[in-house]
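This report concerns the pockets of a single protein chain and the helix that contributes to one of them. The sequence and structure are shown first.

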Amino acid sequence: MSSRTRTRGAAGIHTVRIPRQRGRRSQPFLIVVPDRPSLTRAAFGFLRRALWRFRGSLAPTGCALVVTGLLHLLGWWSGLVLAPLAVAPAAWLGIMQHRRPAHGSTLLWRIGLAFLAMLTGAWAALTAGFGLLAGSLPLVWLLGLIIAQSAWLVRRSH
């Protein structure tokens, strides 16, 4: 058996079958088969596939990043225009509890949604005022995204 077609038992070694070359001008060639991908490459591949799979649910967050980035470029004062967005959910919660009082899990969902909306409004106002990467705003964005996606997953499963 030729060494080109022999299988080897070691990990990371792949068998490649090359047909016999004919003619005078046949030159030998080398095929390099990479070993297992690195941990970093595997992690980025997982992240890329997850982002592509959930691109529909992540579209609002992408739009928010673009809009707040453009507002920041427009002027620092645009953050002041968005500041009432951070307070409006608390007013909504107060009005809803006054009109239709809720108890138990409904009240918890209302409080959670109001908190998440307040966090989103505050993040949008601060990002429009100071920029996308100012201070700990990327961390606040990531935590808000994780909370929102987790709440959505819990809500969809029930």
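In this predicted model, the lining of the largest pocket draws at least two residues from each of H2, H5 and H6. H6 provides the largest share of that lining, with 9 residues. The pocket encloses about 570 Å³ of space. Its lining comprises 24 residues, and those nearest the centre are Thr 61, Leu 116, Thr 120, Gly 144 and Ala 148.

The second largest pocket has a volume of about 450 Å³. Of its 14 lining residues, Ala 50, Leu 51, Phe 54, Leu 58 and Gln 149 are the closest to its centre. Helix H1 (39–53), H2 and H6 each contribute at least two residues to this lining, and H6 again accounts for the largest share, here 7 residues. The composition of the two linings is set out below.

| Pocket | Nonpolar | Polar | Charged |
|---|---|---|---|
| Largest pocket | 17 residues | 6 residues | 1 residue |
| Second largest pocket | 9 residues | 4 residues | 1 residue |

Helix H5, one of the contributors to the largest pocket, merits separate treatment. Its 26 residues should span 38 Å at 1.5 Å a residue, and the end C-alpha atoms lie 37 Å apart, which agrees with that expectation. Just after H5, Gly 131 adopts a positive phi of about 110°.

The buried residues of H5 are Arg 110, Ala 114, Leu 116, Gly 121, Trp 123, Ala 124, Ala 125, Thr 127, Ala 128 and Gly 129. Among the elements that cover them are helix H2 (55–74), helix H3 (78–82), helix H4 (84–99) and helix H6 (137–157). Leu 116 is thus named twice in this account: it is buried in H5, and it is among the residues nearest the centre of the largest pocket.

Thr 127 illustrates the local environment within this helix, which covers residues 105–130. Its relative accessible area is 0%, and because the limit for a buried residue is under 20%, Thr 127 is classed as buried. A polar atom of the Thr 127 side chain lies 2.7 Å from the backbone oxygen of Trp 123. With residues up to four places away in sequence left out, Thr 127 touches Thr 68, His 72, Leu 132 and Leu 137.

An α-helix has 3.6 residues a turn, so residues three or four places apart point the same way.

Methods
Residues numbered from 1 in each chain as written. Predicted model: local features only at pLDDT ≥ 70, side-chain atom pairs only at ≥ 80, totals over all residues. Heavy atoms only, no water. Helix = DSSP H or I, 4+ residues; strand = E, 2+ residues; numbered from the N terminus. Buried < 20%, exposed > 50% of the residue type's maximum accessible area, 1.4 Å probe, protein only. Polar contact = N/O pair within 3.5 Å; in protein donor to acceptor, adjacent residues only side chain to side chain. Contact = heavy atoms within 4.5 Å. Expected span 1.5 Å × (residues − 1). 1 Å grid on protein atoms, 1.4 Å probe; cavity = no way out; pocket = protein on both sides within 12 Å on 5 of 7 lines; lining within 4 Å. Points joined across faces, edges and corners; volume = space filled by probe spheres on them. Nonpolar A, V, L, I, M, F, W, Y, C, P; charged D, E, K, R; others polar.
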